[in-house]
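Below is a set of questions and answers about one protein model. Look at the sequence and the structure first, then work through the turns in order.

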Amino acid sequence: MLPIDFYRIEDFLTDEEKVVQEAAARLVDKEILPVIADSFEEGKFLHGIVEKIADQGFLGACIDEKYGGAGIGEVAYGLMMHELERGDSGIRSFASVQHSLVAYPILLFGSEEQKKRWLPALVNGKKIGCFGLTEPDFGSDPAGMLTTARIDGDEFVLNGSKAWITNAPIADISVIWAKFDGTIRSFIVEGKPKGFEVIPTKHKFSMRASTTGSIFLHDVRIPKDNMLHGAKGLGSALKCLNHARYGIAWGVVGAATACFQEAREYAKTRIMFGKPIGSFQLVQEKLADMATGITAGQLIALQLGRLMERGKVMPEQVSLAKRHNVRMALSVARQARDLLGASGISVEYHTIRHMLNLESVFTYEGTDHIHTLILGQAITGIPAYR
Ligand code: TGC
Ligand code: FAD
């Protein structure tokens, strides 16, 4: 069951969803929590975790069984993300990218042959994927991207660069978004062909257990068959982002839950002025606010998941969930950090790691401002980006 469950979310889950959540929780408790602080401190991706996540079928959660996926529902997928991010946002990021931003576009936009070729290896974790949309000068405004593709004989030739790409340094399959004849299209680059260079991103003080890189493409030649023909225009990339943003809406509730649990335990045992700090009204107010935020976040994520399962989701509904839940999780993490006092700045506790990670989540997959503007447009009918 969910570690915090004020509104009996559990009563609204199917047996399959409960089984998935419990399996993910066991994996996180056994394989991630004992080692994640070291991984974060050393700035190293937990390589061994890929196989373990894949073995549970999590990397193919919403992918059809005929391609090796688990074919489970959106809420089960969300609960899995909740648990992985209760472990670490960087691990959830790895899984989000692999599932929603690499396997998912192939599923949505690839030919049958492409699906059979790439999906099984992504689902079983034998191949790792990355998603290259952001460029050094085009983050919130990817429509302006400069990366291009042109045809030369039987090949596409790619030129340009991508920045801040999760999994890039360890990727076997890179989904690269580039303009072909002026329209944004999607291309699969396998391995590291000539002219394809990845530089790992250093100096990160957030998402240290996740690996990030810049990609440089200089006359990179890929077979003509490596274009995902169904992907046309920025809207295709945004369709994949809808799914990943939904996963984030659940994931950050997991991170907030981890911070809340740690702060509550600390408040009950830390004695100051002769009493547990949890006996002071100011501390209780913070814990009450944190539990309320987490409960609101769970309800939003659950209802969004149910809407997704009915195929009835509007992008602004996804934006509301991503924006609200990330804000909530950051606020919970900061309050937990406060309650832990000086200990709150040590990675011997989980909270500071989550707090630092959540700064990235606030920015990626659409910044807080961008999701505010998406909601503003839905409310007023007036776009205010440009
Ligand atoms: P705009 O003209 O509004 O839209 C272009 C076309 O897309 C359609 N559309 C959508 N379709 C599906 N889902 C959505 N959410 C959609 N939003 C828009 C739209 O209808 C239009 O279709 P059509 O047929 O008319 O062409 O585009 P715009 O250039 O004005 O930009 C809109 C804006 C700012 C909202 C968009 O660019 C945006 O969302 N920017 C944020 C960029 C972003 O999120 N980047 C994420 C990169 S990946 C990442 O961060 C991974 S982190 C790792 C991890 O997940 O763990
Ligand atoms: P900018 O777009 O330059 O924004 C800077 C500031 O300006 C923000 O506050 C923003 O909200 C504000 N701003 C911009 N435009 C407006 C506006 N119109 N109105 C109001 N405010 C505005 N990208 C990928 O493609 N693939 C990945 O796998 C990936 N992984 C990432 C992993 C990490 C750890 C991080 C930190 C980023 C990752 N990104 C990835 C990139 C991420 O999606 C971008 O950082 C994000 O879209 C914002 O772009 P930017 O950093 O260029 O910021």
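Q: Which atom of ligand 2 does a backbone N or O atom of Tyr385 lie 3.1 Å from?
A: This is a predicted model. A polar contact is a pair of N or O atoms within 3.5 Å. The backbone atom of Tyr385 lies 3.1 Å from its partner in ligand 2, and that partner is a nitrogen atom.

Q: How much of the accessible area of ligand 2 does the protein cover?
A: On its own, ligand 2 has 970 Å² of accessible area. Its surroundings consist of 17 residues, the closest being Thr134, Ser140, Trp164, Thr166 and Thr367. The share covered by the protein is 68%.

Q: At what distance from an oxygen atom of ligand 2 does a polar side-chain atom of Ser140 lie?
A: Two of the residues listed as closest to ligand 2 are Ser140 and Thr367. For Thr367, a polar side-chain atom lies 2.8 Å from an oxygen atom of the ligand. For Ser140, the distance from a polar side-chain atom to an oxygen atom of ligand 2 is 2.7 Å.

Q: Which atom of ligand 1 lies 3.0 Å from a backbone N or O atom of Ser140?
A: Ser140 has a polar side-chain atom 2.7 Å from an oxygen atom of ligand 2. Towards ligand 1, Ser140 offers a backbone N or O atom. At 3.0 Å from that backbone atom is a nitrogen atom of ligand 1.

Q: What share of ligand 1 does the protein bury?
A: Around ligand 1 there are 25 residues, and the closest are Ser93, Asn242, Arg245, Glu365 and Gly366. An N or O atom in the side chain of Arg245 is 2.7 Å from an oxygen atom of the ligand, and a polar backbone atom of Gly235 is 3.4 Å from an oxygen atom of it. Taken alone, ligand 1 exposes 1,100 Å², and the part of this buried by the protein is 70%.

Q: How are the rings of Phe156 and Phe187 arranged?
A: The whole structure holds six aromatic pairs. In this one the ring centres are 4.9 Å apart and the planes meet at 65°. Planes over 60 degrees apart count as edge-to-face, so the pair of Phe156 and Phe187 is edge-to-face.

Q: Which strand holds Phe187?
A: Phe156 and Phe187 are both buried, and together with Phe180 they form one aromatic cluster. Phe156 is in strand S3 (residues 155–166). Phe187 is 31 residues apart from Phe156 and lies in strand S5 (residues 183–190).

Q: Is Ala61 buried or exposed?
A: Ala61 is found in the loop between helix H3 (49–55) and helix H4 (74–87). Beyond its neighbours within four places in sequence, its contacts are Ala70, Gly71, Ile72, Tyr77, Met80 and His99. Its relative accessibility is 0%, so Ala61 counts as buried.

Q: Is Asp88 buried or exposed?
A: Asp88 sits in the loop between H4 and helix H5 (89–109). Not counting residues up to four places away in sequence, Asp88 touches Ile36, Phe40, Ala209, Arg353, His354 and Asn357. Because its relative accessibility is 0%, Asp88 counts as buried.

Q: How much of residues 130–220 is strand?
A: An unreviewed UniProt entry lists residues 130–220 as "domain: Acyl-CoA oxidase/dehydrogenase middle". The end C-alpha atoms of this span are 17 Å apart. Its helix content is 0%, and its strand content is 55%.

How values were computed: Residues numbered from 1 in each chain as written. Chains lettered and ligands numbered in written order. Predicted model: local features only at pLDDT ≥ 70, side-chain atom pairs only at ≥ 80, totals over all residues. Heavy atoms only, no water. Phe/Tyr/Trp six-rings, centres within 6.5 Å; stacked < 30°, edge-to-face > 60°. Helix = DSSP H or I, 4+ residues; strand = E, 2+ residues; numbered from the N terminus. Buried < 20%, exposed > 50% of the residue type's maximum accessible area, 1.4 Å probe, protein only. Contact = heavy atoms within 4.5 Å. Near = heavy atom within 4 Å. Polar contact = N/O pair within 3.5 Å; in protein donor to acceptor, adjacent residues only side chain to side chain. Areas by Shrake-Rupley, 256 points an atom, 1.4 Å probe, with all protein chains shown as cover. UniProt positions renumbered as here; feature names shortened; annotations may be inferred.
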